[in-house]
Amino acid sequence: MAQYSPDTFAVCFFLRAMGSGHIKRTVVVLLVVATAWLCICSRSGTPPVYSTHYLTKVSALRSAAEELLQIIAAADLSDTSVIARIDSAITRARFTMKAADFWLRYLEPLAYKHINGPLPVEWETEVFEKFEKPYRRTGAGFTLAWQHLHEPAPNRDTLLRLVKEAIDASAIFTHDSITTQLSTYHHFYLCNRLLLLNLAAIYTTGFESPDARSTIPELRHLLDETALTYTAFAQAFPAQALPANYCRLFDSMRLFVSKQPPSTHQFDHYTFIRNYVDPLYTINQQLILQHRVISHNLLDYALNKQASSIFDKRLYNGQNTKGVFLRVDDTATLAAIENVGRMLFFDPLLSANGKRACASCHKPQQCFTDTSVQTALHLNAKDRLPRNTPSLVNSQFNHLLMADGSHYTLQQQATGVITNPAEMGCTRADITTRVLQCADYKRIFSRLLDATPAYNSVSEDHIISAITTYYASFSNGYSLFDSAMNKQRTLAPAAQQGFNLFMGKAQCGTCHFLPLFNGVKPPYIGSEFEVLGTPADTLYTALSADTGRYGVNPAPETHRAFRTGTLRNIARTAPHMHNGVFSTLMQVIDFYDAGGGTGHGLDVPNQTLSPDSLHLSVYEKNAIISFLHTLNEDIPPAIPPASLPRSRSKELNARVPGGIY
Amino acid sequence: MNAKTYTAILSLLIAASCATRRNAVHYSFPAEMSTTVRDQYMRDWQKGKALYEENCARCHNTKKGRREHIPIFPADKLAGYGIRLDNADHERALPETRVTTDELVSIITFLSYKVHTINDTVRQH
């Protein structure tokens, strides 16, 4: 990347500084950086060009935030011209943040949430912490400050706090624990991986970007600054520098973005991701393997180094489908586990009345859900269950499971359904007893004991793990959209338009993140919940009475919040929403177009969806539906077992494969 | 009893003594732990032991004569998720796709409540 010499970088920096009239501040920043650089280099031997570049960007961010703080402190918030002045200072601060985004998001994502937090309050359950009770985390920074500034009566103290937290957070990025990571090349490729995933999922949609008009200008700036970062890295680590083919493609991407209209609504998201972001990701993944990149960040464990594309199903590790059989690599043994899992999936043995199987509600021919009913029948055959049956396809690509996120492993999910008195009603003790009463199952599982040295005898864990292993067999399919993104196919023009609307004007992509199309976004360590104001009926006479996440974690923010589900196969999994209230995709899009529950006149004080109309035309809505159809995946046909193993318990031998329901 | 039965009993006894010898690792839980919690920890400890042998022993154990020794892992090295990051080899040997977080917790329980013997050596990784 010859065009980004250090001279160009310095000239750019000064031109920008002079353009905004902050020469004095720039000089001070440079002096601070030079001193910090001398300190760091004398201690750890960090390559100077690269670490100086990093520290310059972090200092510039801090200076911009301090300048913003001073403006707010001296401002009269009733004066509209002052509001405009603060608005531009926030924009300047956001630009300095974008210049460092490459590192900030990766090196210390928690601190980053204080610089650019999307929500005032978030309930977190991340990686290791998902085993614990969700904890409250407040957001701060420029996005929330901008939002507060444009509220009817902005409060100075609130604004000061939001910016002060960003200043404090920016200081964390100069700590030794962070800067020492810059002394080797490893972090660089992992930062770059996260950047590319965010380019596909977040940077073009307006997520975390308060003013829609700034999204694309900020993206351009981010890409220009990233190019400078690449150059500084290449000088410090010439043996691990990005190769020419990557740099050429990256430059083409910058050119492409510079020629795009400056609005997310008109931006060609399809071409951007397909022709640039994903191919760059492929190269970066090859380089991660080639340079034997080692992670020192626990967040990296969610992502698979073997995935060759963003649209490779291996991208995100997600759930452990194999359960206790996790370390089984032998294909014949795996096939045996999957096969017994399939038998159990179709076997009503695991329900209290011996009539209902997993396949009764998760019908293989209906995408492993039940498209014929709004919600499934209670085990008592009289009542209805409160929630719609979720499809099991792709359930493994989730951080938390269920509409309320009550389970964090697939094994808990399967056990939860089998032992739920309203669903299958089996007791935990009966799971093992009933299965081992069948000689065939006993023989199969006894043989599999060799694969699990931590167990002396066949347990419930083995049985449940076999069932969840089977889930993976129908979650590995690809959609037309995936093939189009991998350049094996192309999408019809209407579907392409639909995708661009999905990512732009209709704002679907700000919650249903690429490539999973659910609420798991880079760095893939949490599931998002949203309060939409879903109605109880299509006439919008009342809100759904279901409290959602509140039942698991009671808090003002979680009342009626539901986990964002995937849109993969959505055209096959009607009815929609947690209560199955909408039977068509058009009804769902109409719901969002009008601003969710609030937009339809319902009282949803904590709605996270904007209550404003999206102003989508009928043509646009149909284009989005065309696109959603391209998310239908190739799912191999599920073949029910011809017969079921005989049980020692005679009354259980009248079982029918797939159950009677 | 015929010779066959004697042989069977004898081989069982030999097998049992070998097993005891190889698995001569003991646990010690704090006295103030309630019986219910203790039972839970015991089950987790046993599971952790098997998982340690399956996933960790090959690299970490040392051989002294015919006996294998499990090193003493300092408490600060048994810091949850940090185990995956502290040791560069764990990127390959201990990813989420090979040892789940649940299992990692069991291994930590095993190593934390294992009674150290006089031959054990302290390992930093």
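User: Into which domains is chain A divided, and where do the bounds come from?

Analyst: Domain bounds here come from an automatic or database domain assignment, and on that basis chain A is divided into domain 1 (6-302), domain 2 (323-477 + 639-654) and domain 3 (480-629). This is a predicted model, in which local features need pLDDT of at least 70 and side-chain atom pairs count only at pLDDT 80 or more, while totals for chains, interfaces and linings use all residues. Residues are numbered from 1 along each chain as its sequence is written, and chains are lettered from A and ligands numbered from 1 in the order in which they are written.

User: How many residues of domain 2 of chain A are in contact with domain 3 of chain A, and what classes do they belong to?

Analyst: Two residues are in contact if their C-beta atoms, placed from the backbone, lie within 7 Å. By that criterion 20 residues of domain 2 of chain A meet 25 residues of domain 3 of chain A, and the centres of these two domains, taken over C-alpha atoms, are separated by 29 Å. For the classes, Ala, Val, Leu, Ile, Met, Phe, Trp, Tyr, Cys and Pro count as nonpolar, Asp, Glu, Lys and Arg as charged, and the others, Gly among them, as polar. The side of domain 2 of chain A that touches domain 3 of chain A then has 7 nonpolar, 11 polar and 2 charged residues.

User: Where does the largest nonpolar core lie, and why?

Analyst: A residue is buried if 20 or more other C-beta atoms lie within 10 Å of its own, exposed if 12 or fewer, and partly exposed in between, with C-beta atoms placed from the backbone. A nonpolar core is a set of buried Ala, Val, Leu, Ile, Met, Phe, Trp, Tyr and Cys residues joined through C-beta atoms within 7 Å. The largest one has 118 residues, and those with the most contacts inside it are Ala65(A), Leu68(A), Ala145(A), Val163(A), Ala200(A) and Val277(A). Its largest share, 13 residues, comes from helix α4 (residues 80-107) of chain A; helices (H or I, at least four residues) and strands (E, at least two) are DSSP runs, numbered from the N terminus. Because domain 1 (6-302) and domain 3 (480-629) of chain A both give residues to this core, it lies between them. Leaving aside neighbours within four places in sequence, Ala65(A) is in contact with Ala93(A), Val163(A), Ala166(A), Ile167(A) and Ser170(A). Apart from this core lies another, of 53 residues, which includes Ala357(A), Cys358(A), Cys367(A) and Ile464(A).

User: How should I read a helix with one buried face, such as α23(A)?

Analyst: An α-helix has 3.6 residues a turn, so residues three or four places apart point the same way. In α23(A), the buried residues are Lys621(A), Ala623(A), Ile624(A), Phe627(A) and Leu628(A). Seen down the helix axis, they fall within an arc of 160°, and so they line one face of the helix, the arc being that of the directions from the helix axis to the C-beta atoms. These buried residues pack against α20 (493-503) and α21 (585-593) of chain A, whereas the face turned away from the buried side carries the exposed residues Val618(A) and Tyr619(A).

User: Which peptide bonds are cis, and where do their prolines sit?

Analyst: The peptide bond from Leu514(A) to Pro515(A) is cis, with omega near -5°, and Pro515(A) is in the loop between α20 and β3 (529-530) of chain A. A cis bond also joins Ala574(A) and Pro575(A), with omega about -5°, and Pro575(A) is in the loop between β4 (562-563) and α21 of chain A. Asn569(A) also lies in the loop between β4 and α21 of chain A, and its phi is near 65°, a positive value in a residue other than glycine.

User: How many residues of chain B are in contact with chain A, and which element gives the most?

Analyst: The size of an interface is often given as the accessible area lost when the parts come together. In terms of contacts, 17 residues of chain B meet 14 residues of chain A. The elements giving two or more residues to this side of chain B are α2 (35-55) and α4 (82-86) of chain B, and α2(B) gives the most, with 5 residues. By class, this side of chain B has 6 nonpolar, 4 polar and 7 charged residues.
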